[in-house]
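Visitor: Could you take me through one part of this model up close? I'd like the pocket with the ligand, plus whatever you can say about the pieces of protein around it.

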Amino acid sequence: MPSSDLPSIIADARRAFADHFGAGPTHAAHAPGRVNLIGEHTDYSGGLVLPMAINAGCAAVGRTSGRPAGRVGIWSVNQNEAATLDANRLGPGADWHGKGWSSYAAGVLAVLRDRVGHDLPSMEIVVASDVPLGAGLSSSAAFELSLCALICSMNGFKLAPAEMASIARAAERGYAGMPCGIMDQLVSACGVKGHALLIDCATETTTPISLAPLGDLAVLVIDSTVKHTLVSGEYKRRADGCEEASKILGVKWLRDASPELVASRAGALGDELHRYARHVVTENARVESFIRAVAQGDAAEVGRCMAGSHASLRDDFRVSCPELDAIVDACAAVPGVIGCRMTGGGFGGSAVALVRPEALDASRDAADLALTTRF
Ligand code: ADP
Ligand code: MG
């Protein structure tokens, strides 16, 4: 990539490195955040998802240092804080749950060390991200992947992008304690410029999807700036609930259940698990319809899929919130907006809209107005 195309966040990280460690880094890596177009809360049920990498990401810069082997000093520009970790003696992942951002770094170091099968040297690292943290745009995957890619390049480890995604996911699940699927890490590692990435989370296969048949459009991300508490607890409740539902229905992946099977076992599932299962199977079908509609240039059907996804996340999966509902309602009503829905884990975070370029200003204004007048 010519240096003029390098994300400016890398320059920010380099400057912070000089401030913090007193000299220049020798290596740099960058990984993007993502926005999910459709297929929400289905990745941990082996479902289909359609995220795309975005032009915001996390930069990680570093060098090896002469300190005792395994001593890793990481400065996070975003957290304005340092963490010092002993990469070769990190202890069990569960000990790190609830320990904030250093648990993500500890997870990447520990899992990577296990996969390459030998100890890590001492390193000095700075991370800087222009993905807003906790806004549903996967700052966590961008952080994990940039760190993983940096450590690989500093140490000459040759890992495929999908392998790095698997390490990052294991780090987030095992150390940060977030029972996530593979979507965020896989699209951050394997996203293709100018395309969304269809991921079958049961097989972890990826297919780039061009949105070009829909004609000129912009992908608008609207950060509600709302962060509701208990997000990780509510997320875990959904992930556990989906697993339980798949056992009751006798399928390996909940996405494999047919709508008829889900309906016929409503009594055995009970209200909550029935709603979760209905969301997963209908959302999976919506991803398939969305892809077909994109290929046919059928913007109206794309919009219906996004509206259906939002309604299902709001009513069946119950991960939306009044602020996101207001943004989506306001945006969807603007002429030139193809479709709009909440995106990411929910309980606050962001909405995504597919918008004709000439309707960008009006949809942004509508979202702003919805938030400022109602909340
Ligand atoms: P999202 O991934 O949607 O932004 P998450 O709650 O999954 O939200 O991840 C956010 C967390 O990831 C932060 O609270 C922090 O612990 C960690 N994180 C992300 N980016 C950075 C960063 N640049 N520096 C330190 N920690 C980060
Ligand atoms: Mg995340």
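Guide: Here is a walk from the ligand outwards, residue by residue. Keep in mind that the model is predicted.

Let's begin with the ligand itself. Ligand 1 sits in the largest pocket, and 17 residues surround it. The closest of these are Ser76, Asn78, Gly134, Ser139 and Ser140. Two of those serines also turn up as polar partners through their side chains. An oxygen atom of ligand 1 is 2.6 Å from an N or O atom in the side chain of Ser139, and for the side chain of Ser140 an oxygen atom of the ligand comes to 2.9 Å from an N or O atom. On the nitrogen side, a ligand nitrogen is 3.3 Å from an N or O atom in the side chain of Gln79. As for cover, ligand 1 on its own has 570 Å² of accessible area, and the protein covers 82% of that.

Now, which elements build the shell? α2 (101-116), β5 (123-129) and α3 (139-155) each put in at least two residues. The largest share belongs to α3, with 3 residues.

Just ahead of α3 there's a backbone detail to check. Ser138 is found in the loop between β5 and α3, and its phi is near 60°, a positive value in a residue other than glycine. Is Ser138 buried or exposed? Its relative accessibility is 7%, so Ser138 counts as buried. If you're scanning for positive phi, Glu204 is another case: its phi is also near 60°, and again the residue is not a glycine. Glu204 lies in the loop between β6 (196-200) and β7 (205-209). With a relative accessible area of 39%, this one is partly exposed.

Next, Ser350, whose contacts lead back to the stretch we just looked at. Ser350 has its place in strand β10 and is buried, at a relative accessible area of 0%. Its side chain reaches the backbone oxygen of Ala135 at 2.6 Å. Beyond its neighbours within four places in sequence, Ser350 is in contact with Ala135 and Leu137, with the run Val221, Ile222, Asp223 and Ser224, and with Leu324, Met342 and Thr343. There's a long-range pairing as well: Val35 is 315 residues away from Ser350 in sequence, yet the two C-alpha atoms are 8.9 Å apart in space.

Leu324, from that contact list, takes us to helix α10. This helix spans residues 322-332 and is mostly covered, with 8 of its 11 residues buried. Those buried residues are Glu323, Leu324, Asp325, Ala326, Ile327, Val328, Ala330 and Cys331. What lies over them? The cover includes the strands β8 (218-227), β9 (337-343) and β10 (348-355), along with the helices α9 (299-315) and α11 (360-374). As a general reminder, an α-helix has 3.6 residues a turn, so residues three or four places apart point the same way.

One last stop, for the polar-contact enthusiasts: Arg275, in helix α8 (residues 266-295). Arg275 counts as buried, at 9% relative accessibility. Its side chain reaches the backbone oxygen of Asp316 at 2.7 Å. Leaving out residues up to four places away in sequence, Arg275 touches Asp315, Asp316 and Arg318.

Key: Residues numbered from 1 in each chain as written. Chains lettered and ligands numbered in written order. Predicted model: local features only at pLDDT ≥ 70, side-chain atom pairs only at ≥ 80, totals over all residues. Heavy atoms only, no water. Buried < 20%, exposed > 50% of the residue type's maximum accessible area, 1.4 Å probe, protein only. Helix = DSSP H or I, 4+ residues; strand = E, 2+ residues; numbered from the N terminus. Contact = heavy atoms within 4.5 Å. Near = heavy atom within 4 Å. Polar contact = N/O pair within 3.5 Å; in protein donor to acceptor, adjacent residues only side chain to side chain. Areas by Shrake-Rupley, 256 points an atom, 1.4 Å probe, with all protein chains shown as cover. 1 Å grid on protein atoms, 1.4 Å probe; cavity = no way out; pocket = protein on both sides within 12 Å on 5 of 7 lines; lining within 4 Å. Sits in = over half its atoms within 2 Å of the grid points.
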